[in-house]
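Q: Please take a close look at the ligand site. What surrounds the ligand, and which contacts hold polar atoms?

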Amino acid sequence: MSVELRGKWALVTGASRGIGREIARGLAAKGCNLVLHSRARKHCAALERELCKQVKVALVGAELSIEGEVDRLVAEALAKSRGIDVLYNNAAIMTTYRQNYAKVTADDYRQSFEVNVIAPIRITHGLLPSMLAKKFGRIVQVTSGIRDEPELMAYAASKAALDKFVRDTVVKLAGTGVTMNLLDPGWVRTDLGGPKAPNPVESVLPGALVPALVDDDVQGQWFSAQDHAGK
Ligand SMILES: NC(=O)c1ccc[n+]([C@@H]2O[C@H](COP(=O)([O-])OP(=O)(O)OC[C@H]3O[C@@H](n4cnc5c(N)ncnc54)[C@H](OP(=O)(O)O)[C@@H]3O)[C@@H](O)[C@H]2O)c1
């Protein structure tokens, strides 16, 4: 792994808390400038104050279930940086746990797919042209190892759709200098993961950075952050 992130720019969606905040901290420690996203800019203000001593930091607020906000996010991220080199599509929602798994609603699916699938795909396609033009990009789609929980099928199916997007799109990226890979952070204690998760959120580092550091020919791979925990 040879990629130098110092001086590059990363967009991290869902950076205000949880896993996204740890990823932002890890990237800043490598000297990577940051565009931090959450639903409202003020949600990332404390993180901005923390990281601006190390790197340049810009904030963007956008609700990812609204197409126009997603497009504005892309435009603002590009305007506030010198072009985005690294993209972490990390923001996601988990819909309600339906005790009766046959009662997962159509709205559960709609909401999950809007935020967890359509938005990250749209952001990816919004940023890809500039990455392809400069022959460099590291795109990381944050997925999940969730399985055998049909009570959360709207969430699980959205992550499976994101996986499919990655695996079928990378055929177009071979030889371009732009890579796209999947990151499974593992089950960690966050607002989304809940208090029963076995791993502290800090355990996603350093593994969460691995797919941003890979060589040009590493495409469509599944990286598990917990494989690197404590190393
Ligand atoms: N935690 C786990 O155990 C676990 C396991 C496997 C995979 N993952 C994945 O890891 C990623 C991060 O999860 P997390 O546990 O860190 O989640 P989290 O603590 O709930 O944080 C979610 C982040 O996403 C943003 N966000 C949520 N809904 C949004 C929306 N509608 N529009 C725009 N931004 C929105 C939030 O911004 P605001 O602060 O503005 O709300 C926040 O920054 C997700 O992709 C998740 O599926 C997590």
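A: The ligand site comes first, then a few local features elsewhere.

This is a predicted model, where local features need pLDDT of at least 70, side-chain atom pairs count only at pLDDT 80 or more, and totals for chains, interfaces and linings use all residues. Residues are numbered from 1 along each chain as its sequence is written, and side-chain values use heavy atoms, with hydrogens and water left out.

The ligand sits in the largest pocket. A pocket is an open set of points on a 1 Å grid over the protein atoms alone, where a 1.4 Å probe fits, with protein on both sides within 12 Å along at least five of seven lines. To sit there, a molecule needs more than half of its atoms within 2 Å of the grid points.

The shell around the ligand counts 31 residues, each with a heavy atom within 4 Å of it. Ser-16, Arg-39, His-43, Tyr-155 and Thr-190 are the closest. By class, 14 shell residues are nonpolar, twelve polar and five charged. Here Ala, Val, Leu, Ile, Met, Phe, Trp, Tyr, Cys and Pro count as nonpolar, Asp, Glu, Lys and Arg as charged, and the others, Gly among them, as polar. At least two shell residues come from each of α1 (18–29), β2 (33–38) and α5 (153–169). Helices (H or I, at least four residues) and strands (E, at least two) are DSSP runs, numbered from the N terminus.

Now the polar contacts (N or O pairs within 3.5 Å). His-43 places a polar side-chain atom 2.6 Å from a ligand oxygen. A polar backbone atom of Asn-90 is 2.7 Å from an oxygen of the ligand. For Gly-186, a polar backbone atom is 3.5 Å from a ligand oxygen. The protein covers 95% of the 910 Å² of accessible area that the ligand has on its own, by the Shrake-Rupley method with a 1.4 Å probe.

Helix α1 also holds Arg-25 and Glu-22, three residues apart, about one turn of the helix. Their side chains form a salt bridge at 2.8 Å, N to O.

Definitions and conventions. A polar contact is a pair of N or O atoms within 3.5 Å; within protein, one must be able to donate a hydrogen and the other to accept it, and residues adjacent in sequence count only if both atoms are side-chain atoms. On a 1 Å grid over the protein atoms alone, a cavity is a set of points where a 1.4 Å probe fits but cannot get out, and a pocket is an open set with protein on both sides within 12 Å along at least five of seven lines; lining residues have an atom within 4 Å of a point. A salt bridge is a side-chain nitrogen of Lys or Arg within 4 Å of a carboxyl oxygen of Asp or Glu.
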